[in-house]
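Me: I have a model open and want to go through it by question and answer. Can we keep it brisk?

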Amino acid sequence: MEGALRVEQRDIRRSLDASPDIHVDYLRIDPRRPGDKPGNLAGQLGSGKYRVYFIGDLPANVFSREEMENLTQSVSQGSGLLMLGGYHAFGPGGYGDTPLAAVLPIEIGRLERQGLGEAVRDDLHWPGPIRMRPSQFGRNHFLLRLSDSDNLGAWNRLPPLEGANRFSGIKPNGLVLAEDDQGRPLLVAG
């Protein structure tokens, strides 16, 4: 599920769809017209139909309370959840006031919110360029394995990020898998 047509979602879809064992269903939701999303989304989010849910740069208010509760229940029962960063992800997207906040590995302050069309808030986003690298723990994690022979070298050759979400804190069950050169968390698993 994604808001804007971003390069991240395109590349993730291409990568995953290349596998014969993985099928990706892509749902674009216009945050300015959330009523245009499929009417059966609540059922799809709570049916166990998907093993992993991806949420891109979408504010929480595009989802109904029932959709958010169903998604949270699916994740609590074993479905994976990957939330990509963006101007309206995590706290800036208003997820701190939703049931989904309970299953996220980060803390979200109640005043974190980035309105649609507003200037980017410096207290919610790190400006780029930002080099993303595996943390000490992430260096051996399968999710961050880019190369069997020179994994850190492969990470060093990647282009920098244009920016990143700031996190209020990491929950006790959160594992920082990637960070920037200053040790700020960029990828957190739970």
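The turns below go from the overall fold to single residues.

Me: What is the radius of gyration of the protein chain, and how does it sit against the globule rule?
Reply: This is a predicted model. The chain has 4 helices and 9 strands. Its C-alpha atoms fill a box of roughly 45 × 40 × 30 Å along the principal axes. The globule rule gives 16 Å for 190 residues, and the chain comes close to that, so it is as compact as a globular protein of that length, with a radius of gyration of 17 Å.

Me: In what pattern do the helices and strands follow each other along the protein chain?
Reply: There are 4 helices and 9 strands to place. Read along the sequence, the pattern is α-α-β-α-β-β-β-β-α-β-β-β-β.

Me: Among contacts between residues at least 6 apart in sequence, what percentage join residues at least 24 apart?
Reply: Of the 190 residues, 41% count as buried. For contacts between residues at least 6 apart, the share that joins residues at least 24 apart is 67%.

Me: Which element gives the largest share of the largest nonpolar core?
Reply: That core has 25 residues, and Met1, Ile29, Ile55, Leu58, Phe63 and Tyr95 have the most contacts inside it. Elements that give two or more residues are α2, β1 (52-55) and α3 (65-76). The largest share is 3 residues, and it comes from α3.

Me: Which residues does phenylalanine 63 contact, leaving aside neighbours within four places in sequence?
Reply: Phe63 is among the core residues with the most contacts inside the core. Its partners also include a lysine, Lys37. The full set is Met1, Ile29, Lys37, Leu41, Leu58, Met68 and Tyr95.

Me: Is lysine 37 buried or exposed?
Reply: Lysine 37 sits in the loop between α1 (7-17) and α2 (41-46). Its contacts beyond four places in sequence are Ile29, Val62, Phe63, Ser64 and Glu67. The cut-off for buried is under 20% relative accessible area. Lysine 37 has 16%, so it is buried.

Me: Which side chain makes a polar contact with the side chain of lysine 37?
Reply: One polar atom of the lysine 37 side chain lies 2.4 Å from the backbone oxygen of valine 62. That partner is backbone, though. The side-chain partner, at 3.2 Å, is glutamate 67.

Me: What is the angle between the planes of tyrosine 50 and tyrosine 53?
Reply: The whole structure holds 2 aromatic pairs. In this one the centres are 5.7 Å apart and the geometry is edge-to-face. Tyrosine 50 is buried at 19%, and tyrosine 53 is buried at 4%. The angle between their planes is 75 degrees.

Me: How many residues apart in sequence are the parts tied together by phenylalanine 90 and phenylalanine 167?
Reply: Their ring centres are 5.2 Å apart with planes at 85 degrees, so this pair is edge-to-face. Phenylalanine 90 lies in the loop between β2 (80-83) and β3 (106-107), and phenylalanine 167 in the loop between β6 (161-165) and β7 (169-170). The pair therefore ties together parts whose separation in residues is 77.

Me: What is the phi of phenylalanine 90?
Reply: Most residues other than glycine have a negative phi. Phenylalanine 90 is buried, at 10% relative accessibility. It is not a glycine, yet its phi is positive, at about 50 degrees.

Me: Which residues have their charge over the ring of tryptophan 126?
Reply: One lies over the face at 3.6 Å from the ring centre, and that is arginine 166. Another has its charged end 3.8 Å from the centre, and that is arginine 184.

Me: Which residues does the cis peptide bond with omega of about 0 degrees join?
Reply: Most peptide bonds are trans. The proline of this cis bond is in strand β4 (residues 125-130). The bond joins glycine 128 and proline 129.

How values were computed. Residues are numbered from 1 along each chain as its sequence is written. This is a predicted model: local features need pLDDT of at least 70, side-chain atom pairs count only at pLDDT 80 or more; totals for chains, interfaces and linings use all residues. Side-chain values use heavy atoms; hydrogens and water are left out. Buried means under 20% relative accessible area, exposed over 50%, partly exposed in between (1.4 Å probe, protein chains only). Contact means heavy atoms within 4.5 Å. A polar contact is a pair of N or O atoms within 3.5 Å; within protein, one must be able to donate a hydrogen and the other to accept it, and residues adjacent in sequence count only if both atoms are side-chain atoms. Rings of Phe, Tyr and Trp (its six-membered ring) pair if their centres lie within 6.5 Å; planes under 30 degrees apart count as stacked, over 60 as edge-to-face and the rest as tilted. A charge sits over a ring if NZ of Lys or CZ of Arg is within 6 Å of the ring centre and within 35 degrees of the ring normal. A nonpolar core is a set of buried Ala, Val, Leu, Ile, Met, Phe, Trp, Tyr and Cys residues joined through side-chain atoms within 4.5 Å. The radius of gyration is taken over C-alpha atoms; the globule rule is 2.2 Å times the number of residues to the power 0.38.
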